[in-house]
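Please look over the structure shown below before reading on. The paragraphs that follow go from the chain as a whole to a handful of single residues.

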Amino acid sequence: EVHLVPSGGGSVQPGGSLRLSCTASGFTFDDLHRSWYRQAPGDECELVSTIVSDGSTYYIEAVKGRFTISQDNAKNTMYLQMDNLKLEDTAVYYCAALRPGELVACPPHARFGYWGQGTQVIVSS
């Protein structure tokens with residue numbers, strides 16, 4: 001069975017930190033692009049960050065300087081360290097492993113690649 005199992009979500013106050021993780025079972029990341037997406041209530045499925053096999057990373061401007069994506073190949077795990085969280089970071093966060101150019105949609109609409117089931121991040125005072 002193929003799984004991406006998430007952990008690390010929760011509720012924090014503004015300025016707090018969380019670390020999300022996803023561990024792959026039944027496949028290895030290999031040369032897939034490893035990404036974090038998020039979807040807030042009523043909003044679109046939004047790419048947050050991507051890491052590729054050579055270690056190159058990408059961040060959307062809204063999280064640049066606050067979030068850090070990383071991977072541990074020995075554990076077949078990907079991470080998203082989120083610091084200085086803001087109210088607008090509240091969303092369900094999804095990990096995904098995709099081939100470049102593969103069509104993207106957040107669960108339950110995802111049709112391609114490998115996706116975690118999502119973990120809730122709530123930032124509130």
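Of the 125 residues in the chain, 40% are buried, in a model that is predicted. The surface that the chain exposes comes to about 6,600 Å², and carbon and sulfur atoms supply 48% of that area. Among the charged side chains, 9 are positive and 13 are negative, and the centres of these two sets lie 3 Å apart.

What does the secondary structure of the chain come to? There are eleven strands and zero helices, and a reader who follows the sequence meets the pattern β-β-β-β-β-β-β-β-β-β-β. The radius of gyration of the chain is 13 Å, close to the 14 Å that the globule rule gives for 125 residues, so the chain is as compact as a globular protein of that length. Taken along the principal axes, the box that the C-alpha atoms fill is roughly 40 × 30 × 25 Å. When contacts between residues at least 6 apart in sequence are considered, 54% of them join residues at least 24 apart.

With that overall picture in place, single positions can be taken up in turn. Thr77 is found in strand S8, which covers residues 77-82. Is Thr77 buried or exposed? Its relative accessible area is 5%, and because buried means under 20%, Thr77 counts as buried. The side chain of Thr77 takes part in a polar contact of 2.9 Å with the side chain of Thr23, and the side chain of Thr77 also reaches the backbone oxygen of Lys75 at 2.9 Å. Leaving aside residues up to four places away in sequence, Thr77 touches Ser21, Cys22, Thr23, Phe29, Gln71 and Asp72, so that Thr23, the partner in the polar contact, is also one of the residues in this list of contacts.

Asn76 has its place in the loop between strand S7, residues 67-72, and S8. Although Asn76 is not a glycine, its phi is positive, at about 50°. With a relative accessibility of 14%, Asn76 counts as buried.

On the other side of S8, in the loop between S8 and S9, the place of Asn84 can be found. Phi of Asn84 is near 50°, which is again a positive value in a residue other than glycine. Asn84 is partly exposed, with a relative accessible area of 43%, whereas Asn76 is buried.

The loop between strand S9, residues 91-98, and strand S10, residues 114-115, holds Pro108. A cis peptide bond joins Pro107 and Pro108, and the omega angle there is about 10°.

Glu46, finally, lies in strand S5, which covers residues 46-51. How accessible is this residue, and which others does Glu46 touch? Its relative accessibility is 26%, and because partly exposed lies between the 20% and 50% limits, Glu46 counts as partly exposed. Not counting residues up to four places away in sequence, Glu46 touches Trp36, Tyr37, Arg38 and Ile60. Ala96 is 50 residues from Glu46 along the chain, and the C-alpha atoms of Glu46 and Ala96 are separated by 12 Å.

Technical notes
Residues numbered from 1 in each chain as written. Predicted model: local features only at pLDDT ≥ 70, side-chain atom pairs only at ≥ 80, totals over all residues. Heavy atoms only, no water. Helix = DSSP H or I, 4+ residues; strand = E, 2+ residues; numbered from the N terminus. Rg over C-alpha atoms; globule rule 2.2 N^0.38 Å. Buried < 20%, exposed > 50% of the residue type's maximum accessible area, 1.4 Å probe, protein only. Contact = heavy atoms within 4.5 Å. Areas by Shrake-Rupley, 256 points an atom, 1.4 Å probe, with all protein chains shown as cover. Lys, Arg positive; Asp, Glu negative; His and termini not counted. Charge placed at Lys NZ, Arg CZ, Asp CG, Glu CD. Polar contact = N/O pair within 3.5 Å; in protein donor to acceptor, adjacent residues only side chain to side chain.
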